[in-house]
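Me: Please take a close look at one strand in this model and follow its surroundings outward. I would like a single connected account.

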Amino acid sequence: QKAEWAKLVNEQTTTSDSQHVELAANIGTPQDVQGVLENGAEGVGLYRTEFLYMGRDQLPTEEEQFKAYKEVLEKMEGKPVVIRTLDIGGDKELPYLDLPKEMNPFLGFRAIRLCLEQQDIFRTQLRALLRASVHGNLKIMFPMIATLVEFRAAKNVLLEEKEKLAKANVDVSENIELGIMVEIPSTAVLSDRFAKEVDFFSIGTNDLIQYTMAADRMNERVSYLYQPYNPAILRLVQMVINAAHKEGKWVGMCGEMAGDPIAIPILLGLGLDEFSMSATSVLPARSQLSKLSKTEAAKHIDTILNMDTAEEVVQFVNENF
Ligand code: PEP
Ligand code: MG
């Protein structure tokens with residue numbers, strides 16, 4: 001199997017009926033890019049920038065961030081790189097921000113909520129990203145967007161920083177796509193509205209599942225409810241993909257589910273455009289996809305989405321793909 005996968009390193013990802021999907025990788029630091037390239041990923045689908053802020057005692061400077069983003073963009077040589085703005089809070093804490101303890105950190109002051117309030121932190125990161133944009137194919141993504149008002153506010157801050165840089169004669173790419181994570185059910189439900197204003201979606205199933213099922217992704221005792229194949233989750237994913245495609249936008253997925261061999265045939269049938277996963281899953285996923293027909297997978301979608309339980313879905317996938 002390893003030998004078969006190795007042959008696919010320099011190949012595109014093509015299904016048995018000649019459809020192309022994009023296989024990208026998730027990274028946490030510039031050092032991870034080596035693994036992305038070795039495993040033949042077609043891009044970076046999620047760069048979690050939190051790690052730049054963690055394990056230290058003060059915020060990273062604009063210059064430090066600029067260097068990290070530039071390094072990733074350059075090493076990826078023009079392939080798409082989706083960089084997510086700061087998603088701190090929840091399970092990831094920053095002691096030096098001195099934020100009050102919360103009863104429900106996963107439902108609390110985190111990610112874009114924090115960035116919109118502590119705008120100095122957000123603006124520094126956006127400037128670093130904008131300056132780095134001329135060094136590759138950068139796409140910017142906001143995490144934990146719950147409302148259109150938040151998205152518009154965050155976009156405005158980005159445009160303001162871009163304007164300031166332009167006035168200072170700093171080069172910024174004119175082709176930066178701007179997207180959001182779809183990881184809160186309200187955003188999935190209103191994805192038709194969001195689709196008119198964003199350039200792309202990336203579905204964050206790690207959080208979307210926990211928020212939809214009301215089951216903490218870290219709590220073992222409720223892990224039985226953490227169900228990627230629950231038809232409720234699959235219907236939300238379908239809604240998001242259809243809403244985006246109606247507006248001519250693309251949809252990725254960067255939660256664990258994107259690299260899951262049980263989920264892959266369903267996601268293919270639903271029309272997902274980009275699958276972003278840990279680098280080591282890329283070649284197995286490419287091999288699996290090369291043996292699947294997108295047309296055939298699409299024919300099973302109605303049946304799957306009309307099932308009652310996750311268990312039925314798993315059994316169906318095992319028997320039919
Ligand atoms: C997600 O929620 O699916 C995701 C990719 O983000 P994170 O795991 O960093 O919360
Ligand atoms: Mg998330």
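Reply: In this predicted model, strand S1 (residues 22–27) lies parallel to strand S2, and 3 bridges pair the two. One position in that pairing is Ile-27, which faces Tyr-47 of S2. Between these strands comes helix H2 (residues 33–38), and S1, H2 and S2 together form a β-α-β unit of right-handed sense.

S2 itself spans residues 44–48, and 4 of its 5 residues are buried, so the strand is mostly covered, where buried means that 20 or more other C-beta atoms lie within 10 Å of a residue's own.

S2 also pairs with strand S3 (residues 80–84), again in the parallel sense and over 3 bridges. Val-44 of S2 is set opposite Val-81 of S3, and Arg-48 of S2 is set opposite Arg-84 of S3. S3 is largely enclosed by the rest of the structure, because 4 of its 5 residues are buried.

The pairing can be followed one strand further. S3 runs parallel to strand S4 (residues 137–142), and 5 bridges connect them. Arg-84, the residue opposite Arg-48, has Met-141 as its bridge partner in S4.

Side chains in a regular strand point alternately to one face of the sheet and the other. With that in mind, the residues of S2 can be traced into two settings, a ligand shell and a nonpolar core.

The shell around ligand 1 includes Leu-46 and Arg-48. Its other residues are Asp-87, Glu-183, Gly-204, Thr-205, Asn-206, Asp-207, Cys-254 and Gly-255. S2 and helix H10 (205–213) are the elements that supply two or more residues to this shell. H10 makes the largest contribution, 3 residues. By type, the shell holds 2 nonpolar, 4 polar and 4 charged residues.

The core is reached from Val-44. The largest nonpolar core has 91 residues, and Val-44 is one of the four that touch the most other members, along with Ile-180, Val-240 and Leu-267. Helix H11 (residues 231–246) provides the largest share of this core, with 8 residues. Leaving aside residues up to four places away in sequence, Leu-267 is in contact with Met-253, Ala-258, Leu-272 and Phe-275.

To put S2 together: the strand pairs with S1 and with S3, Val-44 is among the core residues that touch the most other members, and Leu-46 and Arg-48 belong to the shell around ligand 1.

Definitions and conventions:
Residues numbered from 1 in each chain as written. Chains lettered and ligands numbered in written order. Predicted model: local features only at pLDDT ≥ 70, side-chain atom pairs only at ≥ 80, totals over all residues. Buried ≥ 20, exposed ≤ 12 C-beta atoms within 10 Å, placed from the backbone. Pairing = 2+ DSSP bridges. Right-handed = clockwise from strand over helix to strand, strands pointing away. Near = placed C-beta within 6 Å. Nonpolar A, V, L, I, M, F, W, Y, C, P; charged D, E, K, R; others polar. Core = buried A, V, L, I, M, F, W, Y, C linked by C-beta atoms within 7 Å. Contact = placed C-beta atoms within 7 Å.
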